[in-house]
Amino acid sequence: MRKIFSIILLAGLPATCMAQDSLIMRKISDEIMLHGKCYDDLRVLCKEVGHRLSGSPQAAKAVEWGLEAMQEAGADRAWLQPVNVPHWIRGKEQLKIEFEGSSDKVEIPILSLGNSQGTDGKLLAAGIVMANNFEELEKMPDEAVKDKVVFFNYRFRQDLLHTFHGYVDAGPYRWRGPSVASAKGASAVIIRSVSTGIDDFPHTGSMHYADDVAKIPAVAIGNSSADMLEQKCKTGNVTAYLTSECRMLKDSVRSYNVIGEIEGSVYPNKVVLVGGHLDSWDAGDGAHDDGAGCVQSIEVIRAFKKLGIKPRYTVRAVLFMNEENGLRGGYAYDDSATARGEEHIFAIESDAGGFSPRGFSLAMEDDKARQIRYYRELFKPYGLYDFEQKGGGADISPLHRHGVPAAGLRPDPQRYFDLHHTANDVFEQVNHRELKLGAVAMTQLIYLISNYGLK
Ligand SMILES: [Zn+2]
């Protein structure tokens, strides 16, 4: 009892408040599950705007859509914050493979890796060298790799039950694999997609060239094509025929973060932030990544207004631009917050898919994390139990670096990396109830923190 009492004191909440809070949280849930707009918003964003790579016309259209959606949700103020974003374009791309002893070439579905340089539309033909991991490639003599196409056949670890751990494990093959192969003299790179899927969807995503290497083309292939290529490489010589037009354009493009807020009744100058990212890759609809996080953040504003909840701290929803291939929106937001002397007491991002929420990851001092973990009981009826993971979100990481307590919505992670960065990340893959449950959880947490603060 004494222990419970001391925990209650820590969180600054008497038990009567908790009962009151659970009622308000129930009202939030009822409102969103019965009348929520996030699923309809997602349909419009995915099907009328479409995918929205930074710098593209669709990204510009998404900004207009976002501002209107914030206003319709009832934000006291909604505005655009300028951000200059890189402009990478894909163009046409094709990979054909020829096996020893056969004159037929087999076409394999590919996606060039984001930010990579293509073949300028010319045909690149070269033998394939397979390496199962970085160590295997390092051990090969440079002559064996020179002018060849390196196939990084590193598998996403299916034994890691938390798929984000698998993503962190395999991600370096996408991010720096091209530079590692280029340093050995390779002419191009094919990677096995960073994917839990057992299908043939290639997964794109950001890569980065080290300063001292040639910018060689880099593409991803789906897991079933990779299985086939692996077998062929084991039994004979394989030749790749690659053409791709992708490139980074010289000039950046003026774009925007979209922001909407409800002014705090007691602390108008202290901000509680909720957000997702508005840009996406140029395959699929960018539905789970991260249309879901955007429409859930707008839903927070709408539910507060509809229920007449007056936050003590200012609640601000932010749709960040350019998370995928530059994070410029996150930096621009942080720069502006610093320049304007804004104080952020908490920031949460939803960027892990529109699946059933399981909890919140936390990146903050222990006593603040303890306060949020104390709310765990309140979230149990909604299926949230995991408050132990670390981390916030990419777009709010610049704020966090300046000391702002950060958190991430943690949905069930099992299917995210089947779809992430593929042509299959479409609106139809999002379940309306699961998406709304995520919006409920975010609204409830924002309600608690915008009422009690974070001490
Ligand atoms: Zn994302």
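Which residues make up domain 1 and domain 2 of this protein? Domain 1 takes in 2-86 + 251-452, and domain 2 covers 88-248; these bounds come from an automatic or database domain assignment.

Hello everyone, and two notes before the tour. What you see is a predicted model, where local features need pLDDT of at least 70, side-chain atom pairs count only at pLDDT 80 or more, and totals for chains, interfaces and linings use all residues. Residues are numbered from 1 along each chain as its sequence is written.

Let's start with how the domains sit together. The centres of domain 1 and domain 2, taken over C-alpha atoms, are 34 Å apart. At their meeting place, 16 residues of domain 1 are in contact with 21 residues of domain 2. By contact I mean that the C-beta atoms of two residues, placed from the backbone, lie within 7 Å.

Now for the sheets. Helices (H or I, at least four residues) and strands (E, at least two) are DSSP runs numbered from the N terminus, and two strands pair if DSSP finds at least two bridges between them.

One open sheet has seven strands, in the order E1-E12-E14-E13-E15-E17-E16, with mixed pairing. At its edges are strand E1 (77-85) and strand E16 (357-363), each pairing on one side only. On average, neighbouring strands here are turned by 25° against each other, direction ignored. For such angles, axes are lines fitted to C-alpha atoms, for helices over the stretch in contact, and the values run from 0 to 180 degrees between N-to-C directions.

At the E16 end, E16 and strand E17 (residues 406-411) are antiparallel and share six bridges. If you want a pair to click on, Leu-362 has Ala-407 in E17 as its bridge partner. Helix H16 (residues 432-452) packs on this sheet, touching strand E13 (267-277), strand E14 (313-320), strand E15 (343-349), E16 and E17. The direction of H16 makes about 160° with that of E13.

Next, the other sheet. Its eight strands are also open and mixed, in the order E4-E3-E10-E6-E7-E8-E9-E5. Why do E4 and strand E5 (110-112) stand at the edges? Each has a single partner strand, so one side of each is left without a neighbour in the sheet. The twist from one strand to the next averages 30°.

At the E4 end, strand E3 (residues 93-99) and strand E4 (residues 105-108) run antiparallel, joined by four bridges. Glu-98 stands opposite Lys-105 in E4. E3 and E4 form a hairpin with five residues between them, and Gly-101 in the turn has a positive phi of about 90°.

Let's move along to Phe-152, in strand E7. Is Phe-152 buried or exposed? Phe-152 counts as buried because 26 other C-beta atoms lie within 10 Å. The cut-offs are 20 or more such atoms for buried, 12 or fewer for exposed, and partly exposed in between, with C-beta atoms placed from the backbone. E7 and E8 pair in the parallel sense over four bridges, and Phe-152 stands opposite Ile-191 in E8. Leaving out residues up to four places away in sequence, Phe-152 touches Ala-131, Tyr-173, Gly-177, Val-189, Ile-191 and Arg-192.

Tyr-173 brings us to helix H7, as one of its buried residues, alongside Thr-163, Gly-166, Tyr-167, Ala-170 and Arg-174. These buried residues pack against strand E7 (149-152), helix H8 (177-183), strand E8 (188-192), strand E9 (218-221) and helix H15 (416-419). H7 bends by about 35° at Asp-169, and Pro-172 follows within four residues. The bend is the angle between axes fitted to the seven residues ending at a residue and the seven starting there.

I'll finish with some backbone details. In the loop between E5 and strand E6 (124-131) we find Asn-115, a residue other than glycine whose phi is positive, near 80°. Asn-115 is buried because it has 23 other C-beta atoms within 10 Å. Asp-120 lies in the loop between E5 and E6 too, and its phi is near 60°, again positive in a residue other than glycine. With 13 C-beta neighbours inside 10 Å, Asp-120 counts as partly exposed.

Last stop: the peptide bond from Asp-289 to Asp-290 is cis, with omega near -5°. Asp-290 lies in helix H10 (residues 287-307). Thanks for listening!
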